[in-house]
Amino acid sequence: MLKTALGRFRVVAFWEGLSFLVLLLIAMPLKYVLHMPLGVRVAGMAHGLLFMGYLYTLMMAAIEYRWGAKRIAVAVVASVVPGGTFWLDAKLRGEALALEAAKTR
């Protein structure tokens with residue numbers, strides 16, 4: 001999966017999406033309900049780094065596969081919607097399988 005730009009993008013997208021959900025559903029309630037801000041610091045830093053990685057791997061995949069502006073915009077919007085990266089991964093899974101099959105022919 002990590003051999004292609006699309007595979008690397010999908011892996012980073014998964015972890016970025018997961019970190020966003022952890023930040024929203026665990027760290028933020030801990031901060032505002034239980035007054036424990038450390039979770040937001042840790043999850044926020046991890047999410048920020050993963051978001052930068054998401055944008056970088058998106059750029060690499062977009063260049064290699066010549067994605068248009070619309071597809072890139074959808075990927076960017078998916079990264080700011082909770083769970084959006086998981087939806088995007090489901091859309092890209094078929095494309096990744098087709099690329100793998102093409103390489104084995």
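Does Asp 89 count as buried or exposed, and at what relative accessibility? In this predicted model, Asp 89 has a relative accessibility of 16% and therefore counts as buried, since the term applies to residues under 20% relative accessible area. The surroundings of this residue are taken up below, after an outline of the chain.

The chain contains four helices and zero strands, and its elements follow one another from the N terminus in the order α-α-α-α. Along its principal axes, the C-alpha trace spans about 55 × 25 × 20 Å. Of the 105 residues in the chain, 30% are buried, and the accessible surface comes to about 6,800 Å², with 73% of that area belonging to carbon and sulfur atoms. Among the contacts with a separation of 6 or more, 68% are made by residues that stand 24 or more positions apart.

Three salt bridges are present in the structure. In one of them Arg 10 pairs with Asp 89, with a distance of 2.5 Å between the closest N and O atoms; because Arg 10 belongs to helix α1 and Asp 89 to helix α4 (residues 84-104), this pair ties together parts that are 79 residues apart in sequence. Both Arg 10 and Asp 89 are buried. Asp 89 also forms a salt bridge with Arg 93, for which the closest N and O atoms are 3.2 Å apart. Arg 93 and Asp 89 are four residues apart in helix α4 and are therefore separated by about one helical turn. In an α-helix there are 3.6 residues a turn, so residues three or four places apart point the same way. Arg 93, at 40% relative accessibility, counts as partly exposed, whereas its partner Asp 89 is buried. Arg 10, Asp 89 and Arg 93 are thus linked in a network of salt bridges.

A further salt bridge joins the side chains of Glu 95 and Arg 71, at 2.4 Å from N to O. Since Glu 95 lies in helix α4 and Arg 71 in helix α3, this pair ties together parts that are 24 residues apart in sequence. Glu 95 is partly exposed, with a relative accessible area of 22%, and Arg 71 is likewise partly exposed, with a relative accessible area of 33%.

Helix α3 itself comprises twelve residues (residues 69-80), which at 1.5 Å a residue should span 16 Å; the end C-alpha atoms are 17 Å apart, in agreement with this expectation. The buried residues of α3 are Ala 75, Ala 78 and Ser 79. When the helix is seen down its axis, these buried residues fall within an arc of 100°, and they therefore line one face of α3. The face turned away from the buried side carries the exposed residues Ala 69, Lys 70 and Val 80.

A nonpolar patch is also found on the surface, formed by Phe 14, Trp 15, Leu 18, Val 22, Leu 24, Leu 25, Ile 26, Met 28, Tyr 32, Val 33, Leu 34 and Met 36, which together have about 1,100 Å² of accessible area. One of these residues, Trp 15, is found in helix α1 (residues 5-34) and counts as partly exposed, at 46% relative accessibility.

Technical notes. Residues numbered from 1 in each chain as written. Predicted model: local features only at pLDDT ≥ 70, side-chain atom pairs only at ≥ 80, totals over all residues. Heavy atoms only, no water. Helix = DSSP H or I, 4+ residues; strand = E, 2+ residues; numbered from the N terminus. Expected span 1.5 Å × (residues − 1). Buried < 20%, exposed > 50% of the residue type's maximum accessible area, 1.4 Å probe, protein only. Arc of directions from axis to C-beta. Patch = residues over 30% accessible without salt bridge, like charges linked within 9 Å, V, L, I, M, F, W, Y side chains within 5 Å. Areas by Shrake-Rupley, 256 points an atom, 1.4 Å probe, with all protein chains shown as cover. Salt bridge = Lys/Arg side-chain N within 4 Å of Asp/Glu carboxyl O. Contact = heavy atoms within 4.5 Å.
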